[in-house]
Amino acid sequence: MNDEVHHTRLIPATRWPDYHPWPPIGGLRHLIFNAEKNGFGAVIRRCGRRVLVDEAAFFEWANAQGGA
């Protein structure tokens with residue numbers, strides 16, 4: 001059994017620009033709004049009304065899209 005724990009930073013969507021320049025907040029909101037169509041649901045975690053972005057999952061998703 002693998003005892004390794006996957007640690008990642010969960011960043012509130014509104015604070016994403018404080019950590020990364022891309023995508024801008026408008027682009028991130030577009031990705032979140034269309035998460036069911038673009039596979040972005042694997043990147044976000046919803047806690048009530050709050051939307052958190054899994055930083056490691058975001059970059060895995062972006063690489064899979066052939067993006068930045």
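1. A residue counts as buried when its relative accessible area is under 20%. Keep that cut-off in mind for W61, which comes out at 14% and is therefore buried. One caveat before going on: this is a predicted model.

2. Let's start with the sheet. It is an open one made of three strands, in the order 1-3-2, with antiparallel pairing. Strand 1 (10-12) and strand 2 (44-47) sit at the edges with a single partner strand each, so each of them has one side without a neighbour in the sheet. From one strand to the next, the twist averages 35°.

3. If you want to look at one pairing in detail, take strand 2 and strand 3 (residues 50-54). These two run antiparallel and are joined over four bridges. Within this pairing, I44 stands opposite V53 in strand 3. As a general reminder, strands of a sheet pair through backbone hydrogen bonds, in either a parallel or an antiparallel way.

4. What packs on the sheet? That would be helix 4 (residues 55-64), which touches strand 1 and strand 3. The direction of helix 4 makes about 65° with that of strand 3.

5. Now for the aromatics, where there is plenty to look at. Searching the whole structure turns up seven aromatic pairs. One of them is F40 with F58, an edge-to-face pair at 6.1 Å centre to centre, with 85° between the planes. F40 belongs to the loop between helix 3 (35-38) and strand 2, while F58 is in helix 4, so this pair ties together parts that are 18 residues apart in sequence.

6. Are F40 and F58 buried or exposed? F40 is buried, its relative accessible area being 0%. F58 is buried too, with a value of 0%.

7. F40 also pairs with W61, again edge-to-face: the centres are 4.9 Å apart and the planes make 80°. Here the loop between helix 3 and strand 2 supplies F40 and helix 4 supplies W61, so the pair ties together parts 21 residues apart in sequence. Back to the cut-off from the opening point: at 14%, W61 is buried.

8. Which residues make up the aromatic cluster? W16, W22, F40, F58, F59 and W61 form one cluster. When you have the structure open, F40 is a handy place to begin, as F40 pairs with F58 and with W61.

Notes. Residues are numbered from 1 along each chain as its sequence is written. This is a predicted model: local features need pLDDT of at least 70, side-chain atom pairs count only at pLDDT 80 or more; totals for chains, interfaces and linings use all residues. Side-chain values use heavy atoms; hydrogens and water are left out. Two strands pair if DSSP finds at least two bridges between them. Axes are lines fitted to C-alpha atoms, for helices over the stretch in contact, and angles run from 0 to 180 degrees between N-to-C directions. Contact means heavy atoms within 4.5 Å. Rings of Phe, Tyr and Trp (its six-membered ring) pair if their centres lie within 6.5 Å; planes under 30 degrees apart count as stacked, over 60 as edge-to-face and the rest as tilted. Buried means under 20% relative accessible area, exposed over 50%, partly exposed in between (1.4 Å probe, protein chains only).
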